[in-house]
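Good morning, colleagues. I would ask you to bring up the sequence and the structure before I begin.

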Amino acid sequence: MKGGEFGPSRGGFPFQMPRFNVLAAAALAVSLGSAPAQAELVIFTDGRVVKAAGYEVLGDSVEIRVRGGGSYEVDLTLVERIVDDEVEVSEVEVREVGGDEKVAYDLSYNDDRKPLFGSAYDAIIQAEALKHDIDASFVSAVIRAESNYQPQAISRKGARGLMQLMPATARRLAVRRPFDPASNVGGGVRYLKELLDRFHHRPELVLAAYNAGENAVSTYGGVPPYRETIGYVKKILSWWTPAIAATVPPSITTASPVAPPSTQ
């Protein structure tokens with residue numbers, strides 16, 4: 001959830017064209033003459049958001065550099081996530097990265113939708129996806145974007161393991177061994193399930209929330225205008241196509257016309 005610092009290797013798997021028509025808020029800002037400004041947002045577990053000049057993870061703490069000079073250090077377990085490259089959009093409508101809101105997507109478990117990339121962790125992904133009723137191919141795409149299947153990965157933001165859980169998130173999900181593949185994937189899938197329920201199986205909103213946090217998605221009413229988050233959503237949707245939910249048209253019953261009473 002640190003936003004794809006570990007990109008996928010070239011080759012080795014087919015790319016799918018996404019069904020989504022991606023509308024990036026950053027592109028809107030540029031087209032209207034609003035130059036994007038870099039920032040790093042430190043989002044705390046209590047909901048506070050600090051716009052920092054920079055940061056450095058120091059073991060179990062993070063040093064936050066303040067704009068204008070100076071810095072302070074906080075426990076990493078107090079930080080929900082760190083998002084790079086905010087795009088400040090002034091008087092511009094923030095558009096969602098995604099498709100028609102009227103389309104219903106099905107991100108629940110389906111035996112026919114296997115993990116995508118043939119990794120050593122496919123059995124774990126499949127088991128956790130089945131346990132929590134979530135699309136295993138979706139989980140595999142998130143892992144690819146997060147860590148490129150490196151179970152010992154530590155991002156410069158302090159996120160850990162296959163699904164790049166921040167310490168605060170891992171603690172909330174009771175993941176005590178973030179570098180253990182089964183424990184890490186179990187926690188990450190539980191979190192994805194929470195997001196699926198909250199955002200009604202809208203894949204672009206679930207992905208944006210996993211990267212930038214639920215509050216950011218709620219605040220902007222869609223994918224927040226952060227370059228990192230927009231790129232993260234677009235990347236995963238280029239590998240993975242969501243299933244359209246099966247819809248059953250309502251049955252229509254037509255009553256037989258009633259013959260007029262006989263006058264004889």
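I shall speak about the sheet, then the aromatic contacts, and finally two residues with a positive phi.

First, the conventions. The model is predicted, so to speak of local features we need pLDDT of at least 70, side-chain atom pairs count only at pLDDT 80 or more, and totals for chains, interfaces and linings use all residues. Residues are numbered from 1 along each chain as its sequence is written, and side-chain values use heavy atoms, with hydrogens and water left out. Helices (H or I, at least four residues) and strands (E, at least two) are DSSP runs, numbered from the N terminus.

Let me turn to the sheet. Three strands, in the order S2-S1-S6, make an open sheet with antiparallel pairing; two strands pair if DSSP finds at least two bridges between them. At the edges are S2 (49-52) and S6 (79-84), each of which pairs on one side only. From one strand to the next, the twist averages 20°. Axes here are lines fitted to C-alpha atoms, for helices over the stretch in contact, and angles run from 0 to 180 degrees between N-to-C directions. Helix H6 (residues 203-212) packs on this sheet and touches S1 and S6, its direction making about 105° with that of S6; contact means heavy atoms within 4.5 Å.

How many bridges join S1 to S6? There are 5, and S1 covers residues 40-44. Across this pairing, Glu40 stands opposite Asp84, and Leu41 stands opposite Val83. As for burial, 6 of the 6 residues of S6 are buried. Buried means under 20% relative accessible area, exposed over 50%, and partly exposed in between (1.4 Å probe, protein chains only).

I now come to the aromatic residues. The whole structure contains 5 aromatic pairs. Rings of Phe, Tyr and Trp (its six-membered ring) pair if their centres lie within 6.5 Å; planes under 30 degrees apart count as stacked, over 60 as edge-to-face and the rest as tilted. Why is the pair of Phe117 and Tyr149 edge-to-face? It is so classed because the planes stand at 70°, with the ring centres 6.3 Å apart. These residues are 32 apart in the chain: Phe117 is in the loop between strand S7 (105-106) and H2, and Tyr149 is in the loop between H3 and H4. Phe117 has a relative accessible area of 13% and is therefore buried.

A second pair is formed by Tyr191 and Tyr210, which is tilted because the planes are at 40°, with centres 5.5 Å apart. Tyr191 belongs to helix H5 (residues 181-198) and Tyr210 to helix H6, so the pair ties together parts 19 residues apart in sequence. Both Tyr191 and Tyr210 are buried. Ring pairs also link Phe117, Tyr149 and Trp239 into a cluster.

Phe117 has a further partner: the charged end of Arg144 sits over its ring, 4.9 Å from the centre. Arg48 likewise lies over the face of Phe44, at 4.2 Å from the ring centre. The criterion is NZ of Lys or CZ of Arg within 6 Å of the ring centre and within 35 degrees of the ring normal.

Finally, the backbone. Tyr149 is not a glycine, yet has a positive phi of about 65°. At 11% relative accessibility, Tyr149 counts as buried. Asp133, also not a glycine, has a positive phi of about 55°. Asp133 lies in the loop between helix H2 (122-132) and helix H3 (136-147). Is Asp133 buried or partly exposed? Its relative accessibility is 36%, so Asp133 counts as partly exposed.
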